[in-house]
Amino acid sequence: MSKPLRIGVLGGGQLGRMMALAGYPLNLAFSFYESSSNCPSAALGEIHGDAENSTATLDAFIESADVFTYEFENIPAAWVERIAAKKPVYPGVKSLSVSQNRLNEKQLFASLKIPSARFAEINSEADLKSAVATLGLPLVIKTVTMGYDGKGQFLLKEDSQIAEAWAQLGQQTPLIAEEFVHFKRELSIIAVRDREGHTLCYPLTENVHHRGILSHSVSPAPHVDTDTQLAAERHIAAILRELDHVGVMTLELFDTRHGLVANETAPRVHNSGHWTIEGAHCSQFENHVRAVAGLPIGSTVCEKPVAMINIIGQHPATVDVLRQTDAHLHLYGKSEREGRKLGHITVTANNHHELETRLRKLAEILPNPMALPVGK
Ligand code: AMP
């Protein structure tokens, strides 16, 4: 048997686990840079890393693999630069530096004429006051770096909350103040770009959040006209080209009365694309590892409506899930903890009506059904 190409993944969570599960049929092997030895990826490859994330363990990780990627964008750019000096890393440092920093991201949207919320950089309480004067209220105040799942955010509704917002986030400058977008719903588009620049997009997906965490996704998002799908594809293709991105990228969008408004990017496989494992010809995970490994990318077509439900905090009984028609269970091997993503369920159906019925049945057996429509 030929020696497999080994992909080194920065991070060893469920995204790395699902990348490896998609890569093994292609005779790809995996190493993970992760400090916890019982992480979700542990059973699927070598684990490098220690609690201190020392240079020695990073170098051993770099030695262990041929080509590199990451499953989380909030990692030190210096790690990626250290790898890039020795071996190929996809997506590159440019993609990382944009999605790690909300100001860079907003500037990129503006330069590519992609609609997004008006914003101001905030470095003082006085900046916050002038942002209220120029952008109006409400405003969403966010940390520029390290934010995810709504962490590090303050919804500023009234002038009287300025001091409170500053007390909460002022230690984490720079901040960004964004105009509040009155959206109808949240959507995302996932695309993959190979090393030659070929790009394919999955259909727009509708995402429902509960307390800042994704509850469930439906794809293709219902009631999306062709113009909207094409606009989303144009936006993400422009970003991918500009960054010379290789691999999967996700663009989160708000669906508004005036069309799509970009929120943020993730330079990686994304929770709102987990449905692609059973719901698309080639999953986001397989397409990502194909692109990283320099292989041709596969079809992103989705033949049937599909939904993905996150399992948060508590596990359902496996047998209850598997008894449901066309439901697929994915467990990440994590212990239960409030708010923790433990796994997901994908369910397909012949039409959106049948899909909603199946979602409701699944909601009944989940111990913690989040924002799912329960029992109606
Ligand atoms: P983010 O970390 O930017 O994805 O924000 C987390 C969530 O906060 C989003 O999924 C939206 O529900 C909400 N949100 C973020 N930015 C805005 C905004 N400018 N206007 C309205 N809602 C927002």
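Me: From which domains does the shell around the ligand draw at least three residues each?
Reply: This is a predicted model, where local features need pLDDT of at least 70, side-chain atom pairs count only at pLDDT 80 or more, and totals for chains, interfaces and linings use all residues. Residues are numbered from 1 along each chain as its sequence is written, and side-chain values use heavy atoms, leaving out hydrogens and water. The chain is divided into domain 1 (5-89), domain 2 (118-179) and domain 3 (185-365), with bounds from an automatic or database assignment. The shell takes at least three residues from each of domain 2 and domain 3.

Me: Which residues of the shell are the closest to the ligand?
Reply: A residue counts as near if one of its heavy atoms lies within 4 Å of the ligand. There are 16 residues around the ligand, and the closest are K142, Q153, V181, E186 and E264.

Me: How far is an oxygen atom of the ligand from an N or O atom in the side chain of E186?
Reply: A polar contact is a pair of N or O atoms within 3.5 Å. The side chain of R102 has such an atom 2.9 Å from a ligand oxygen, and for N263 the distance is 3.2 Å. For E186 the distance is 2.6 Å.

Me: What percentage of the area exposed by the ligand alone does the protein bury?
Reply: Accessible areas come from the Shrake-Rupley method with a 1.4 Å probe. Taken alone, the ligand exposes 470 Å². Of that, the protein buries 88%.

Methods
A polar contact is a pair of N or O atoms within 3.5 Å; within protein, one must be able to donate a hydrogen and the other to accept it, and residues adjacent in sequence count only if both atoms are side-chain atoms.
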